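Open the structure in your viewer and keep the sequence beside it. This tour tells you what to select next and what is there.

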Amino acid sequence: DERMAVQARTFTRWINLVLQRSDPPAAVHDLFKDIQDGRILMALLEQLSGSKLLYRFRSPPQRIFRLKNISEVLTFLADKQVQLPHMHASAVVDGDPSVVLRLVWSVILHFQAGLSGRSASARLRPGLSAPVKQVVGGLPGHDGGTVRALLQRVQRCTSRFGVEVHDFGRSWRSGLAFLALVKSVNPALVDLSASWSREPGENLQQAFAIARSSLDVAPLLEPDDLLGRVTDEPSIITYVSMFFQ
């Protein structure tokens, strides 16, 4: 469906961004296929965690070796206290889209959206909380503390310019929140006075272009991802978290 397609595109771009640092560089072309043997996941987690994993990789194409590789990945993530509800190696090896997206989302929540080694609760400030659904964009929002902490950081940035952000969904459709976030990093980059009356697509295009050219924030999203029938929260969270790296 539309939401799953947006997530797959965004997650693929994020993975490829991380894998640019690997040696040799690796890349994902078909997320649900390329992830099945475990090599991409191991390379990704090496870059995110600093731990060595690829030495455990077994390359023969037989299913039993793929299952072993994915099991190694899931064990590593469990040891890192990454929450993996109802995650089975066989479903990843089979390329089950819903399971693969849940797995990548769990990795993003822990290593990307978490932003630091501190607990999410330690980053919360009273008075700025906002409700976060247990299911985020069709994926389990099991680390609500991480999402709330990120939302609060965003609120502190955008509220300075009169832009209210209540969630990681509809609040971003106009493009104003993205522009305010860019402006919070460098006020000279954005003149918000002209943005209030512009079409959302123009604001989104401008925000993504400025973030890429001036802040080195890769364009994981496209304007159409925000203007469709659904607004995908995990994709927005993944992109927004890059402003705080």
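The stops below run from the whole chain to single helices, loops and a pocket.

**The whole chain**

Start with everything shown. This is a predicted model. Colour the protein chain by secondary structure: twelve helices and two strands appear. Now trace the chain along the sequence. The pattern reads α-α-α-α-α-α-α-β-β-α-α-α-α-α.

Switch on a surface. The protein chain exposes about 11,500 Å². Carbon and sulfur atoms supply 50% of that area. Of the 245 residues, 50% count as buried. Contacts tie distant parts of the sequence together: among those with a separation of 6 or more, 62% join residues 24 or more positions apart.

**Helix 1 and Thr10**

Select residues 2-19, which form helix 1. Then pick Thr10, which lies in this helix. Is Thr10 buried or exposed? Thr10 has a relative accessible area of 0%, so the residue counts as buried. Show its neighbours, leaving out residues up to four places away in sequence. Thr10 touches Leu220, Leu221, Ser235 and Thr238. Next, draw a distance from Thr10 to Asp225. These two residues are 215 residues apart along the chain, yet their C-alpha atoms are separated by 9.5 Å.

**The bond before Pro24**

Move on to Pro24. Pro24 sits in the loop between helix 1 and helix 2, the latter at residues 31-34. Look at the peptide bond that joins Asp23 and Pro24. This bond is cis, with omega about 0°. Most peptide bonds are trans.

**Helix 4 and what follows**

Select residues 63-79 for helix 4. Helix 4 has 17 residues. From its first C-alpha to its last, helix 4 reaches 24 Å, close to the 24 Å expected at 1.5 Å a residue. Show side chains for its buried residues: Asn69, Ile70, Glu72, Val73, Leu74, Phe76 and Leu77. What do the buried residues of helix 4 pack against? They pack against helix 3 (39-49), helix 5 and helix 6.

Step just past the end of helix 4 to Gln81, where phi turns positive, about 65°. Most residues other than glycine have a negative phi. Gln81 lies in the loop between helix 4 and helix 5, with helix 5 at residues 89-93. Gln81 has a relative accessible area of 68%, so this residue counts as exposed.

**Gly95**

Go on to Gly95, in the loop between helix 5 and helix 6. Its relative accessible area is 9%, under the 20% cut-off, so Gly95 is buried. Gly95 touches Phe32, Gln36 and Val100, again leaving aside residues up to four places away in sequence. Add Leu31 to the selection. Gly95 and Leu31 are 64 residues apart in sequence but 8.4 Å apart in space, C-alpha to C-alpha.

**Helix 6**

Select residues 97-112 for helix 6. Helix 6 has 16 residues and reaches 21 Å from first C-alpha to last, close to the 22 Å expected at 1.5 Å a residue. How many of its residues are buried? The count is 13 of 16, and helix 6 is mostly covered.

**Helix 9**

Jump to residues 176-185, helix 9. Nine of its ten residues are buried. They are Leu176, Ala177, Phe178, Leu179, Ala180, Leu181, Val182, Lys183 and Ser184.

**Asp216**

Now select Asp216. Asp216 lies in the loop between helix 10 and helix 11, the latter at residues 223-227. Asp216 is not a glycine, yet its phi is positive, about 60°. At 69% relative accessibility, Asp216 is exposed.

**The largest pocket**

Finish at the largest pocket, which holds about 320 Å³ of space. Which residues are closest to its centre? Of the 16 lining residues, these are Leu17, Arg21, Gln112, Met242 and Gln245. Helix 1, helix 6 and helix 10 (200-215) each give two or more residues to the lining. Helix 1 gives the largest share, three residues. Colour the lining by residue type: eleven are nonpolar, two polar and three charged.

Technical notes. Residues numbered from 1 in each chain as written. Predicted model: local features only at pLDDT ≥ 70, side-chain atom pairs only at ≥ 80, totals over all residues. Heavy atoms only, no water. Helix = DSSP H or I, 4+ residues; strand = E, 2+ residues; numbered from the N terminus. Expected span 1.5 Å × (residues − 1). Buried < 20%, exposed > 50% of the residue type's maximum accessible area, 1.4 Å probe, protein only. Contact = heavy atoms within 4.5 Å. Areas by Shrake-Rupley, 256 points an atom, 1.4 Å probe, with all protein chains shown as cover. 1 Å grid on protein atoms, 1.4 Å probe; cavity = no way out; pocket = protein on both sides within 12 Å on 5 of 7 lines; lining within 4 Å. Points joined across faces, edges and corners; volume = space filled by probe spheres on them. Nonpolar A, V, L, I, M, F, W, Y, C, P; charged D, E, K, R; others polar.
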